[in-house]
Amino acid sequence: MKRTALALLATLALATSAAHAVEYNQVQVDKSQIAFGFQQMGVSMDGSFKKFSSQLRFDPAAPQAATASIEVELASVDTGSAEGDGEVARKTWFNTKDFPAARFQSSAVKALGGNRYEVAGTLTIKGTSKDVIVPATFTPQGNTGVFEGSLTIQRGDFSIGEGAWKAFDIVANDVVIKFRITAAAK
Amino acid sequence: MNAHYTATAKALHWVIAVLIFGMLGLGFYMTGLDLSPTKLQLFSWHKWAGVTVFVLVVVRLAWRVTHRPPALPDHMPALERLAAHAGHHLLYVLMFAIPLTGWLMSSAKGFQTVWFGVLPIPDLLAKDKAVGDLLQTVHLSLNVVLIAALLGHVGAALKHHFIDRDDVMTRMLPRRRR
Ligand code: HEM
């Protein structure tokens, strides 16, 4: 009796650890979004990027081993108006000709408890790299998992908006980057 | 002379008139600019002033439905009376509809209006590019009709003053102090 109970426990433990060894690593771009928000003369504006790619590996049982990288095609920006899209591609903003992509590469992932994590990494936009810490949550949904979070950056740190746009009175310095990345487990 | 408009009616008429002339100039000027901080600033000012006009027009409409304006002079033939009434109705409709379409357009384009950068005006329409573009065309078209209506309005006022030599124009002017 005691033996069967032990054996049962052992199998249970094995089964759960096997379930935990799930690694989410197949990013589903069509179910993922990268958006941003900022203030323009007191008005909240938002936009998004239509094209980006991402590689990630995340095992909820071993979050510290997780890695993530995201590459955003800056010319795919949607600011809400064709005029705005054209403007931000120019030299004074993203300069997409010389710097077509923005990149995030993780360096360390820390579990904060619950479904919350902290992803440290390097963000590179327009030739400037900065170390950032991105708070993120992970929500399993069947065979896929959703990573969500946001990060506030200062556009001035990356020379996004030069010349006449350099002042922050019309277009604010703070830009919130919001992401939602869906990945399937394999 | 009792044929004068009330001081309230005159104040509303002239404040709205000055704002609308400014708005027409600003509207056509700003849309022709290349995107720049100045352009965004002018767009905001246009929207703030436009919402102000809208509020004043609502007050003015409330005044109009609760007051009777001075009667038209007896010498006017029926056709002229009809034209005067129709013209005034058209002006009221345009004064109301133009800022309204501006507001709706801004909502549909996803650019909320925050009055003087402080008071957010609710978005009555969800963001929808096609609707936004349509409302932009409506806003522009109504403005073209407004310009035609204003030409007729000013022309008629001057005709009353210089050709008919009646008091139709002067009774809307500030009363001369004696
Ligand atoms: C008395 C009221 C108003 C007048 C006479 C007026 C007049 C005009 C005129 C003449 C234009 C240029 C049309 C064109 O070239 O497309 C314009 C554009 C515009 N108006 Fe108004 N307007 C008024 C109120 C408003 C209000 C209340 C708003 C928003 C809250 C508004 C928002 C706009 C916008 C966003 C444009 C630019 C459209 C574009 O090119 O994207 N307007 N307006």
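**Chain B, overall**

I began with chain B, whose elements run α-α-α-β-β-α from the N terminus on, in what I must keep in mind is a predicted model. The count for this chain is four helices and two strands. I looked up its extent next and found that the C-alpha atoms of chain B fill a box of roughly 50 × 30 × 30 Å, taken along the principal axes. Of the 178 residues in chain B, 37% are buried. I also looked at how contacts spread along the sequence: among those in chain B between residues at least 6 apart, 67% join residues at least 24 apart.

**The ligand**

I then turned to the ligand and listed the 25 residues around it, of which B:Thr31, B:His46, B:Gln136, B:His139 and B:Asn143 come nearest. Which atoms of the ligand do the side chains of B:His46, B:Gln136 and B:His139 approach? For B:His46, a polar side-chain atom lies 2.8 Å from a nitrogen atom of the ligand, and for B:His139 an N or O atom of the side chain is likewise 2.8 Å from a ligand nitrogen. In the case of B:Gln136, the partner is an oxygen atom of the ligand, 3.1 Å from an N or O atom in the side chain. I noted that the elements giving two or more residues to the shell around the ligand are helix H1 (7-31), helix H2 (37-66), helix H3 (78-109) and helix H4 (129-162) of chain B. Sorted by class, this shell has 13 nonpolar, 10 polar and two charged residues.

**Aromatic pairs**

Over all chains I found 13 aromatic pairs. One of them joins A:Phe36 and A:Phe38, which are stacked, with 6.4 Å from centre to centre and 20 degrees between the planes. I checked the accessibility of both rings' residues: A:Phe36 counts as buried at 10%, and A:Phe38 counts as buried at 18%, where the cut-off is under 20%.

The pair of A:Phe58 and A:Tyr117 is edge-to-face, because the planes stand at 85 degrees, with the ring centres 5.2 Å apart. I traced where these two residues sit, and the pair links distant parts of the chain: A:Phe58 is in the loop between strand S4 (52-57) and strand S5 (67-73) of chain A, while A:Tyr117 is in strand S8 (residues 116-125), 59 residues apart. A:Phe58 is buried at 4% relative accessibility, and A:Tyr117 is buried at 10%. Following the ring pairs further, I found that they link A:Tyr24, A:Phe58, A:Tyr117, A:Phe138 and A:Phe147 into a cluster.

**Nonpolar cores**

The largest nonpolar core has 48 residues, and those with the most contacts inside it are A:Phe49, A:Phe58, A:Val72, A:Leu123, A:Ile125 and A:Phe147. Strand S11 (residues 171-185) of chain A gives the most to this core, with six residues. I looked up the contacts of A:Phe49, leaving aside its neighbours within four places in sequence, and they include A:Ile34, A:Phe36, A:Val72 and A:Phe94. Another core lies apart from the largest one and has 13 residues, among them B:Tyr92, B:Ile98, B:Leu146 and B:Ala149.

**Single residues in chain A**

Is A:Glu87 buried or exposed? A:Glu87 is buried, with a relative accessible area of 8%, and its place is in helix H2 (residues 82-89) of chain A. Not counting residues up to four places away in sequence, A:Glu87 touches A:Thr92, A:Trp93, A:Trp165 and, from chain B, B:Leu35.

A:Gly113, found in strand S7 (residues 101-113) of chain A, counts as partly exposed at 38% relative accessibility. I took one distance from A:Gly113, to A:Phe168, and the two are 55 residues apart in sequence and 37 Å apart in space, C-alpha to C-alpha.

**Backbone angles**

Most residues other than glycine have a negative phi. I therefore wrote down A:Met41, which is buried at 12% relative accessibility and has a positive phi of about 50 degrees although it is not a glycine; A:Met41 lies in the loop between strand S2 (33-40) and strand S3 (43-49) of chain A. A:Lys126 also has a positive phi of about 50 degrees without being a glycine, and its place is in the loop between S8 and strand S9 (128-141) of chain A. A:Lys126 is buried, with a relative accessible area of 9%.

Notes. Residues numbered from 1 in each chain as written. Chains lettered and ligands numbered in written order. Predicted model: local features only at pLDDT ≥ 70, side-chain atom pairs only at ≥ 80, totals over all residues. Heavy atoms only, no water. Near = heavy atom within 4 Å. Polar contact = N/O pair within 3.5 Å; in protein donor to acceptor, adjacent residues only side chain to side chain. Nonpolar A, V, L, I, M, F, W, Y, C, P; charged D, E, K, R; others polar. Phe/Tyr/Trp six-rings, centres within 6.5 Å; stacked < 30°, edge-to-face > 60°. Buried < 20%, exposed > 50% of the residue type's maximum accessible area, 1.4 Å probe, protein only. Core = buried A, V, L, I, M, F, W, Y, C linked by side-chain atoms within 4.5 Å. Contact = heavy atoms within 4.5 Å.
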